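Me: Please put the structure on display, so that its packing, strand pairing and side-chain contacts can be discussed in turn.

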Amino acid sequence: MNQPVLNRKDFVSDQEVKWCQGCGDFNVLKTMQSVLAKTGKTKHNTVFVSGIGCSSRFPYYMDTYGFHTIHGRAPTIATGVKTVNPELDVWVVTGDGDALSIGGNHFIHAIRRNQDIKILLFNNEIYGLTKGQYSPTSAQGCVSKSTPTGSVDYPLRPLTVAAAANASFIARTSDNDPKHMTAVFEAAASHKGCAVIEILQNCVIFNDKVHDPYNGPKQRKDNLLYLEDKQPMLFGKDKALKLSGLTPTVTDGNDDAVLVHDTNTSDTSLAYMLANLSYPDYPVPVGIFHQSHRTTYDQLIHNHQPKAKVTKSQVMELLEKNSYVL
């Protein structure tokens, strides 16, 4: 039976969108709805799972199946959904606080299992829903309601965690660049395995323009490194990256030692290095850092299932041999 062709509006729910005016989440929502339509996804086969936070309202605004779940536990619930029904397209929507604080453990294990889910991590470097406390990704010195004299913590870089957990797809994009976001989402949608996409997102109320020094419309050309497979890592006005030993170094674009990007490396070491670059010493990489293919968690579970099945007669025989009393 042929499925009807859907457009973006088919994925728009009847719920009122309750985000602050100017919030970066609006662009992400609209882009995702367009991508699902463009890639031929169906409403009945698509599931969005979220935890707690402003971004976690996402499932209400998608006319698909969805779960608004427990703080930090969305990857775990998504893992279960995909394991029970591998035919579903399962997306996780989470924030830097939800995923990397209370949910850090769940985030890591969903990635290292390579469950076939796509994780959208909205990173605005602040707790927005609870009114502006600093988060695990907040910059050192961040002044917030919970750090009035400035945070002393070093920030966590989400994609270094993904690389360390051996994610099979690692990417970064910005909420203010729908064209780039579309390309990244499309690539993630077609990937078989755990995809982690960090979205540089703006909280207009509590951390406005936090990413603007490098991804603002006038700044991105000089400060963003657009990663393209098999292409040299060039950015700005004739600048590039090279390695000095194991240390990345900014160099001239004509340098013969300029690094060439490779998304399909056998491990995530290059992705880790790129994810660990910090502005203003380095450009901020965006695009696909790494993509590899290996058996997914739901495939491993279903391949293992026949070995784990035990018949009733086998159970009774085991009980009798071990003298258990029913």
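Reply: In what follows, buried means under 20% relative accessible area, exposed over 50%, and partly exposed in between, with a 1.4 Å probe and protein chains only. This is a predicted model, in which local features need pLDDT of at least 70 and side-chain atom pairs count only at pLDDT 80 or more, while totals for chains, interfaces and linings use all residues. Residues are numbered from 1 along each chain as its sequence is written, and side-chain values use heavy atoms, with hydrogens and water left out.

Me: Does Asn202 count as buried or exposed?
Reply: Asn202 lies in the loop between strand E6 (195-200) and helix H8 (212-215); helices (H or I, at least four residues) and strands (E, at least two) are DSSP runs numbered from the N terminus. Contact means heavy atoms within 4.5 Å, and, residues up to four places away in sequence not counted, Asn202 touches Cys23, Gly24, Asn124, Asp175, Asn207, Asp208, Lys209 and Val210. Because its relative accessibility is 17%, Asn202 counts as buried.

Me: Which residue has a side chain joined to that of Asn202 by a polar contact of 2.9 Å?
Reply: A polar contact is a pair of N or O atoms within 3.5 Å; within protein, one must be able to donate a hydrogen and the other to accept it, and residues adjacent in sequence count only if both atoms are side-chain atoms. At 2.9 Å, the partner of the Asn202 side chain is that of Asp208.

Me: Which helix gives the most residues to the largest nonpolar core?
Reply: A nonpolar core is a set of buried Ala, Val, Leu, Ile, Met, Phe, Trp, Tyr and Cys residues joined through side-chain atoms within 4.5 Å. The largest one has 38 residues, of which Phe107, Ile111, Val196 and Leu274 touch the most other members. Elements that each supply at least two residues include strand E1 (46-50), helix H3 (74-84), helix H5 (104-112) and helix H10 (269-275). The element that gives the most, with five residues, is H10.

Me: How many residues belong to the other core that lies apart from the largest one?
Reply: Val196, in the largest core, is in contact with residues including Phe107, Ile111, Leu159 and Phe169, its neighbours within four places in sequence left aside. Apart from that core lies another, with Val35, Phe48, Ala171 and Ala195 among its members. The size of this other core is 29 residues.

Me: Over how many bridges do E9 and strand E10 pair?
Reply: Two strands pair if DSSP finds at least two bridges between them. Strand E8 (residues 234-235) and strand E9 (residues 239-244) do so in the antiparallel sense over two bridges, and Phe235 has Lys239 as its bridge partner. E9 and E10 (residues 247-252) are also antiparallel, with Ala240 bridged to Thr251. Their number of bridges is six.

Me: Which residue in the hairpin of E9 and E10 takes a positive phi near 70 degrees?
Reply: In the hairpin of E8 and E9, three residues separate the strands, and Gly236 in the turn has a positive phi of about 60 degrees. The hairpin of E9 and E10 has two residues between its strands, and the residue with a positive phi near 70 degrees is Gly245.

Me: Which residue forms a salt bridge with Asp89?
Reply: A salt bridge is a side-chain nitrogen of Lys or Arg within 4 Å of a carboxyl oxygen of Asp or Glu, and the whole structure holds ten. One of them has its closest N and O atoms 3.7 Å apart and involves Asp89. The pair links strand E3 to the loop between helix H1 (25-38) and E1, 48 residues apart. Asp89 is partly exposed at 21% relative accessibility, and its partner, buried at 17%, is Lys41.

Me: How far apart, N to O, are Lys118 and Asp116 in their salt bridge?
Reply: Both Lys118 and Asp116 are buried. Their side chains meet in a salt bridge with an N to O distance of 2.8 Å.

Me: Why is the pair of Phe58 and Phe122 edge-to-face?
Reply: Rings of Phe, Tyr and Trp (its six-membered ring) pair if their centres lie within 6.5 Å; planes under 30 degrees apart count as stacked, over 60 as edge-to-face and the rest as tilted. There are seven aromatic pairs by this rule. Phe58 and Phe122 are both buried. Their ring centres are 6.1 Å apart, and the pair is edge-to-face because the planes stand at 75 degrees.
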